[in-house]
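I opened the notebook today to go through one chain from its overall dimensions down to single side chains. The entries below keep the order in which I looked things up.

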Amino acid sequence: MIFDLHNDFPTVLCPNEYGDFISSCESNVITAAIWTSAMAVEHAAVTVENTVRTLKDLKTKRPLPIAIEDIGFLFNGDNYRMFDFSALFYCSLTWNTNNGFAGGALDDGRLTKDGVAVVKRMNGNCAVDVAHLNKKSFYDVLDAAETLICSHTGFNAHPRSLDGDQINALIARKAVIGLSAVVAFTGARSMKDWVHVIDDFVQTYENGIDCLAIGTDFYGTVDLPHDLQSYDAEDGIRHGLSDLGYASADIDKILFDNANNFYKTEK
């Protein structure tokens with residue numbers, strides 16, 4: 001069983017396909033990430049509202065966490081002051097470039113005055129996702145946010161990845177960190193390589209076993225290992241970690257329990 005912190009299926013599938021997709025993965029918990037950067041800006045607010053409503057109406061056996069990737073569409077007058085964040089698991093402030101709230105991973109902006117204000121609105125309602133922030137904005141957000149998550153990332157030198165200081169800062173804040181399957185973020189071109197990324201993280205960071213989770217970024221990219229493109233890979237991941245000496249309970253932590261416990265506490 002997998003708790004995926006980030007799957008972009010609402011951006012790619014039609015609303016009438018959501019139910020079938022969730023049913024096909026029903027042994028797992030899939031976070032529905034609404035990726036607004038792929039939407040027309042002038043229609044983003046209505047599209048997000050309709051998508052959240054549709055996702056909330058789905059009848060699922062397991063919880064269906066809902067997230068927004070890039071709330072930049074709310075930077076229009078006082079939209080963010082009126083937006084209801086309480087229905088959401090987490091939100092990221094931006095995507096890869098600067099917006100009115102913060103600086104993206106491929107840009108150099110800082111958390112703005114409005115960014116501080118919107119983080120305060122999110123505090124107590126949903127977690128603040130630091131994925132897609134540059135380092136300046138990352139540390140600004142650490143100072144402003146109560147509950148932190150990094151939903152989908154890697155640990156190499158890519159601008160979208162976290163460095164060691166960022167990882168230690170998130171561990172100290174008891175955040176949960178979702179390892180993406182994106183090759184560019186991890187350098188892992190196979191499931192075996194990806195399992196070794198997990199192992200390197202756990203061996204490198206004290207208490208890393210208690211905060212590492214999975215944030216695949218499925219449906220958000222085609223840059224995935226050939227044998228790690230769906231949840232059918234779970235058995236292979238489990239076998240790979242077991243072969244490296246991981247106990248079943250620790251494998252469960254990484255694949256499900258860390259994310260699930262964070263979600264239950266946060267919501």
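What follows are my notes on the fold, the strands, one histidine, the cores, a helix and a few backbone angles.

**Entry 1: the whole chain**

I began by noting that this is a predicted model, and I then counted the secondary structure, which comes to eleven helices and eight strands. I looked up the radius of gyration next and found 17 Å, close to the 18 Å that the globule rule gives for 267 residues, so the chain is as compact as a globular protein of that length. Taken along the principal axes, the C-alpha atoms fill a box of roughly 55 × 40 × 30 Å.

For burial, I noted that 55% of the 267 residues count as buried, while the chain exposes about 11,600 Å², of which carbon and sulfur atoms supply 48%. I also checked how the contacts are spread along the sequence: among those with a separation of 6 or more, 70% are between residues 24 or more positions apart.

**Entry 2: a run of parallel strands**

I followed the strand pairings from the N terminus, starting with E1 (residues 3-7), which pairs with E2 in the parallel sense over three bridges; here aspartate 4 stands opposite isoleucine 30 in E2. Strand E2 (residues 29-35) in turn pairs with E3 in the parallel sense over four bridges, and the bridge partner of alanine 32 is isoleucine 66 in E3. E3 and E4 are likewise paired in the parallel sense, over three bridges, with glutamate 69 bridged to serine 92 in E4.

How enclosed are these strands? For E1 I found that five of the five residues are buried, so this strand is largely enclosed by the rest of the structure. In E3 (residues 66-69) I looked at each face separately, and both are covered, with Ile66 and Ile68 buried on one side and Ala67 and Glu69 buried on the other. This fits the rule that side chains in a regular strand alternate between the two faces of the sheet.

**Entry 3: histidine 6**

Which side chains make polar contacts with the side chain of histidine 6? I found a polar contact of 3.2 Å to the side chain of glutamate 69 and another, at 2.9 Å, to the side chain of tyrosine 90. Histidine 6 sits in E1 and counts as buried because its relative accessibility is 0%, where the cut-off is under 20%.

I then listed the wider surroundings, leaving aside neighbours within four places in sequence, and the contacts of histidine 6 include Thr31, Ala33, Ser151, His152, Gly215, Thr216, Asp217 and Phe218.

**Entry 4: nonpolar cores**

I turned to the largest nonpolar core, which has 78 residues, and within it Ile71, Phe85, Leu93 and Leu170 touch the most other members. Helix H9 (residues 191-204) gives the largest share of this core, seven residues. A second, separate core holds 15 residues, among them Phe89, Ile149, Val176 and Phe262.

To see one of the hubs in detail I took leucine 170, which, not counting residues up to four places away in sequence, touches Val130, Phe138, Leu142, Leu148, Cys150, Leu162, Ala175 and Ile177. As background, I noted that nonpolar side chains in soluble globular proteins tend to be buried together.

**Entry 5: helix H5**

In H5 (residues 113-122) I found Gly115, Ala117, Val118, Val119 and Met122 buried. The buried residues of this helix pack against two helices, H4 (79-82) and H6 (135-144), and two strands, E4 (90-92) and E5 (127-129). Just after H5, glycine 124 takes a positive phi of about 90°.

**Entry 6: positive phi outside glycine**

I checked two residues other than glycine that have a positive phi, beginning with aspartate 70, where phi is near 85°. Aspartate 70 lies in the loop between E3 and H4 and counts as buried, given its relative accessibility of 11%.

Is asparagine 207 buried, partly exposed or exposed? Its phi is near 70°, and its place is the loop between H9 and strand E8 (212-214); with a relative accessible area of 47%, asparagine 207 is partly exposed.

Technical notes. Residues numbered from 1 in each chain as written. Predicted model: local features only at pLDDT ≥ 70, side-chain atom pairs only at ≥ 80, totals over all residues. Heavy atoms only, no water. Core = buried A, V, L, I, M, F, W, Y, C linked by side-chain atoms within 4.5 Å. Buried < 20%, exposed > 50% of the residue type's maximum accessible area, 1.4 Å probe, protein only. Contact = heavy atoms within 4.5 Å. Pairing = 2+ DSSP bridges. Polar contact = N/O pair within 3.5 Å; in protein donor to acceptor, adjacent residues only side chain to side chain. Rg over C-alpha atoms; globule rule 2.2 N^0.38 Å. Areas by Shrake-Rupley, 256 points an atom, 1.4 Å probe, with all protein chains shown as cover.
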